[in-house]
Amino acid sequence: DTLWRFKHDLRIFFSRHNQFALSPNTLQDFAQIVQMCEDAGLELTVFISPSHAVQWEAVAQTGSWKLFEQWKRELVAITPIWDFSGYSTVTTETVRSGMTYYRDNSHYRPIVGDWVLKRMFGTALTQAEIPEDFGVLLTPDTVDTHLANIRQDRQAWRRRNESILTWVQDIKEGALGTQST
(Lines give C-alpha, C1' and ligand atoms only; values in the text may rest on other atoms or scores of the structure.)
Protein backbone atom coordinates (compact mmCIF):
# COMPACT_ATOMS: atom_id res chain seq x y z
CA ASP A 1 0.00 0.00 0.00
CA THR A 2 1.34 3.42 -1.00
CA LEU A 3 0.42 5.19 2.24
CA TRP A 4 2.20 2.54 4.31
CA ARG A 5 5.35 2.92 2.15
CA PHE A 6 5.33 6.71 2.56
CA LYS A 7 4.91 6.41 6.32
CA HIS A 8 7.51 3.64 6.65
CA ASP A 9 10.13 5.50 4.60
CA LEU A 10 9.53 8.79 6.42
CA ARG A 11 9.87 7.02 9.76
CA ILE A 12 13.23 5.61 8.65
CA PHE A 13 14.30 9.01 7.32
CA PHE A 14 13.51 10.75 10.61
CA SER A 15 15.15 8.08 12.76
CA ARG A 16 18.37 7.97 10.71
CA HIS A 17 18.75 11.36 9.08
CA ASN A 18 17.48 13.97 11.48
CA GLN A 19 20.90 15.65 11.74
CA PHE A 20 22.47 16.84 8.50
CA ALA A 21 25.91 18.30 7.97
CA LEU A 22 27.76 19.36 4.86
CA SER A 23 30.87 17.28 4.30
CA PRO A 24 33.79 19.21 2.82
CA ASN A 25 35.44 15.88 2.01
CA THR A 26 32.43 14.65 0.07
CA LEU A 27 32.15 17.94 -1.81
CA GLN A 28 35.87 17.69 -2.63
CA ASP A 29 35.34 14.11 -3.86
CA PHE A 30 32.48 15.35 -6.05
CA ALA A 31 34.69 18.12 -7.48
CA GLN A 32 37.36 15.53 -8.26
CA ILE A 33 34.84 13.35 -10.11
CA VAL A 34 33.74 16.34 -12.17
CA GLN A 35 37.36 17.18 -12.95
CA MET A 36 38.16 13.59 -13.89
CA CYS A 37 35.25 13.57 -16.34
CA GLU A 38 36.39 16.88 -17.85
CA ASP A 39 39.97 15.61 -18.15
CA ALA A 40 38.73 12.46 -19.90
CA GLY A 41 36.54 14.44 -22.28
CA LEU A 42 33.34 12.98 -20.81
CA GLU A 43 30.16 15.00 -20.55
CA LEU A 44 28.79 14.70 -17.02
CA THR A 45 25.15 15.51 -16.31
CA VAL A 46 24.19 15.75 -12.64
CA PHE A 47 20.70 16.02 -11.18
CA ILE A 48 18.88 16.21 -7.88
CA SER A 49 16.16 13.60 -7.79
CA PRO A 50 12.48 14.56 -7.79
CA SER A 51 11.42 13.15 -4.45
CA HIS A 52 7.86 13.86 -3.39
CA ALA A 53 7.10 17.12 -1.56
CA VAL A 54 6.60 15.25 1.72
CA GLN A 55 10.29 14.28 1.57
CA TRP A 56 11.27 17.94 1.30
CA GLU A 57 8.90 18.74 4.17
CA ALA A 58 10.66 16.07 6.22
CA VAL A 59 13.99 17.76 5.47
CA ALA A 60 12.49 21.05 6.64
CA GLN A 61 11.09 19.47 9.80
CA THR A 62 14.59 18.30 10.78
CA GLY A 63 15.63 21.97 10.73
CA SER A 64 17.93 21.38 7.76
CA TRP A 65 16.25 23.42 5.02
CA LYS A 66 18.93 26.13 4.94
CA LEU A 67 21.62 23.46 4.90
CA PHE A 68 19.81 21.72 2.01
CA GLU A 69 19.89 25.02 0.11
CA GLN A 70 23.57 25.51 0.92
CA TRP A 71 24.31 22.00 -0.38
CA LYS A 72 22.74 22.98 -3.71
CA ARG A 73 24.83 26.17 -3.82
CA GLU A 74 28.00 24.16 -3.12
CA LEU A 75 27.22 21.65 -5.87
CA VAL A 76 26.42 24.36 -8.41
CA ALA A 77 29.70 26.10 -7.59
CA ILE A 78 31.38 22.93 -8.90
CA THR A 79 29.21 22.16 -11.95
CA PRO A 80 25.75 22.94 -13.33
CA ILE A 81 23.06 20.78 -11.74
CA TRP A 82 19.59 19.86 -12.95
CA ASP A 83 17.25 20.33 -10.00
CA PHE A 84 14.05 18.30 -9.98
CA SER A 85 13.48 18.74 -6.25
CA GLY A 86 10.95 21.18 -4.95
CA TYR A 87 7.25 21.67 -5.41
CA SER A 88 6.22 21.02 -9.02
CA THR A 89 3.02 19.56 -10.43
CA VAL A 90 4.83 16.21 -10.38
CA THR A 91 6.28 16.31 -6.85
CA THR A 92 3.12 17.59 -5.20
CA GLU A 93 0.84 14.78 -6.36
CA THR A 94 -1.74 14.01 -3.67
CA VAL A 95 -0.54 11.18 -1.42
CA ARG A 96 -2.97 8.31 -1.88
CA SER A 97 -3.14 4.69 -2.96
CA GLY A 98 -2.48 4.20 -6.65
CA MET A 99 -0.45 7.35 -7.24
CA THR A 100 0.44 8.19 -10.84
CA TYR A 101 3.97 9.46 -10.24
CA TYR A 102 5.24 7.89 -6.99
CA ARG A 103 5.60 4.54 -5.26
CA ASP A 104 6.72 6.25 -2.05
CA ASN A 105 8.26 9.55 -0.98
CA SER A 106 11.56 9.04 -2.82
CA HIS A 107 10.83 6.43 -5.50
CA TYR A 108 9.06 7.63 -8.59
CA ARG A 109 7.46 5.70 -11.41
CA PRO A 110 9.05 5.21 -14.87
CA ILE A 111 7.14 8.11 -16.44
CA VAL A 112 8.85 10.54 -14.04
CA GLY A 113 12.25 9.05 -14.79
CA ASP A 114 11.54 9.40 -18.50
CA TRP A 115 10.65 13.07 -17.98
CA VAL A 116 13.89 13.64 -16.03
CA LEU A 117 15.95 12.20 -18.87
CA LYS A 118 14.00 14.01 -21.58
CA ARG A 119 14.32 17.35 -19.77
CA MET A 120 18.06 16.96 -19.20
CA PHE A 121 18.88 15.74 -22.68
CA GLY A 122 16.31 17.73 -24.64
CA THR A 123 14.62 14.73 -26.18
CA ALA A 124 10.97 15.60 -25.49
CA LEU A 125 8.86 15.48 -28.62
CA THR A 126 6.81 18.48 -27.54
CA GLN A 127 6.96 21.02 -24.74
CA ALA A 128 3.61 19.67 -23.49
CA GLU A 129 5.15 16.23 -22.98
CA ILE A 130 6.89 17.32 -19.75
CA PRO A 131 5.25 19.49 -17.09
CA GLU A 132 6.61 23.02 -17.55
CA ASP A 133 7.53 23.42 -13.87
CA PHE A 134 9.52 20.18 -13.72
CA GLY A 135 13.30 20.51 -13.73
CA VAL A 136 15.55 23.55 -13.79
CA LEU A 137 19.20 23.76 -14.81
CA LEU A 138 21.03 25.53 -11.99
CA THR A 139 24.16 27.61 -12.43
CA PRO A 140 25.86 29.98 -10.01
CA ASP A 141 23.89 32.80 -11.66
CA THR A 142 20.47 31.14 -11.26
CA VAL A 143 20.67 29.17 -8.02
CA ASP A 144 19.58 31.87 -5.57
CA THR A 145 16.54 32.88 -7.63
CA HIS A 146 15.61 29.22 -7.99
CA LEU A 147 15.93 28.62 -4.25
CA ALA A 148 13.72 31.65 -3.56
CA ASN A 149 11.13 30.26 -5.98
CA ILE A 150 11.19 26.89 -4.21
CA ARG A 151 10.65 28.62 -0.85
CA GLN A 152 7.60 30.41 -2.29
CA ASP A 153 6.28 27.19 -3.83
CA ARG A 154 6.80 25.41 -0.51
CA GLN A 155 4.79 28.01 1.39
CA ALA A 156 1.95 27.76 -1.13
CA TRP A 157 2.00 23.95 -0.91
CA ARG A 158 2.03 24.08 2.91
CA ARG A 159 -1.05 26.34 2.94
CA ARG A 160 -2.94 23.84 0.76
CA ASN A 161 -1.78 20.72 2.65
CA GLU A 162 -2.14 21.27 6.38
CA SER A 163 -3.35 17.71 6.98
CA ILE A 164 -0.24 16.29 5.24
CA LEU A 165 1.98 18.57 7.35
CA THR A 166 0.36 17.21 10.49
CA TRP A 167 0.75 13.66 9.20
CA VAL A 168 4.49 14.19 8.53
CA GLN A 169 4.92 15.82 11.97
CA ASP A 170 3.17 12.85 13.63
CA ILE A 171 5.49 10.43 11.80
CA LYS A 172 8.49 12.45 12.96
CA GLU A 173 7.31 12.45 16.57
CA GLY A 174 6.70 8.70 16.43
CA ALA A 175 10.11 8.03 14.90
CA LEU A 176 11.96 10.21 17.39
CA GLY A 177 9.77 9.47 20.39
CA THR A 178 8.98 13.16 20.87
CA GLN A 179 5.96 15.38 20.98
CA SER A 180 5.75 18.94 19.72
CA THR A 181 5.29 21.58 22.36
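**Cavity, pocket, core and sheet in the predicted model**

Trp65, Phe68, Glu69, Lys72, Leu147 and Ile150 line the largest cavity of this predicted model. Two or more of the lining residues come from each of α4 and α6, and α4 contributes the most, with 4 residues. The space enclosed by this largest cavity amounts to about 30 Å³. A search of the whole structure returned 1 cavity of 30 Å³ or more.

The largest pocket has a volume of about 450 Å³. Its lining comprises 22 residues, of which Phe13, Phe20, Val59, Phe68 and Trp71 are the closest to the pocket centre. Helices α1, α2 (residues 24-39), α3 and α4 each supply two or more residues to this lining. Helix α4 again gives the most, with 4 residues in the lining of the pocket and 4 in that of the largest cavity. Phe68 belongs to both settings, being listed among the residues that line the cavity and among those closest to the centre of the pocket.

The interior was examined next. In soluble globular proteins, nonpolar side chains tend to be buried together. In the present model, the largest nonpolar core contains 32 residues, and the members that touch the most other members are Val54, Trp65, Tyr87, Val90, Phe134 and Trp157. The elements contributing two or more residues to this core are α1 (2-16), α3 (53-61), α4 (65-78), α5 (110-121), α6 (143-160) and α7 (162-176). Helix α3 provides the largest share, 6 residues. A second, separate core is made up of 11 residues, including Leu27, Val34, Ile48 and Leu75.

Two of the highly connected members of the largest core are also linked to each other, as Tyr87 touches both Trp65 and Trp157. When residues up to four places away in sequence are not counted, the contacts of Tyr87 further include Ala53, Trp56, Glu57 and Thr92, together with Ile150, Asp153 and Arg154. Trp65 and Ile150, both touched by Tyr87, are in addition lining residues of the largest cavity.

The model also contains an open sheet of 3 strands, arranged in the order β1-β2-β3 with mixed pairing. Strands β1 (47-48) and β3 (136-138) form the edges, each pairing on one side only. Strand β1 runs parallel to β2 (residues 81-83), to which it is joined by 2 bridges. In this pairing, Phe47 has Trp82 of β2 as its bridge partner. Helix α4 lies across β1, β2 and β3, at about 145 degrees to β2.

Two residues illustrate the surroundings of the sheet. Thr79 is located in the loop between α4 and β2. Because its relative accessibility is 9%, below the 20% limit, Thr79 counts as buried. Apart from residues up to four places away in sequence, the contacts of Thr79 are Phe30, Val34 and Val46; of these, Val34 is a member of the second core.

Leu137, by contrast, is situated in the edge strand β3. Its relative accessible area is 38%, a value between the limits of 20% and 50%, and Leu137 is therefore partly exposed. With residues up to four places away in sequence left out, Leu137 touches Pro80, Ile81, Trp82 and Thr142. Trp82, the bridge partner of Phe47, is thus also a contact of Leu137. The C-alpha atoms of Leu137 and Arg119 are 9.5 Å apart in space, with a separation of 18 residues in sequence.

Note on methods:
Residues are numbered from 1 along each chain as its sequence is written. This is a predicted model: local features need pLDDT of at least 70, side-chain atom pairs count only at pLDDT 80 or more; totals for chains, interfaces and linings use all residues. Side-chain values use heavy atoms; hydrogens and water are left out. A nonpolar core is a set of buried Ala, Val, Leu, Ile, Met, Phe, Trp, Tyr and Cys residues joined through side-chain atoms within 4.5 Å. Buried means under 20% relative accessible area, exposed over 50%, partly exposed in between (1.4 Å probe, protein chains only). Contact means heavy atoms within 4.5 Å. Two strands pair if DSSP finds at least two bridges between them. Axes are lines fitted to C-alpha atoms, for helices over the stretch in contact, and angles run from 0 to 180 degrees between N-to-C directions. On a 1 Å grid over the protein atoms alone, a cavity is a set of points where a 1.4 Å probe fits but cannot get out, and a pocket is an open set with protein on both sides within 12 Å along at least five of seven lines; lining residues have an atom within 4 Å of a point. Grid points are joined across faces, edges and corners, and a volume is the space filled by probe spheres set on the points.
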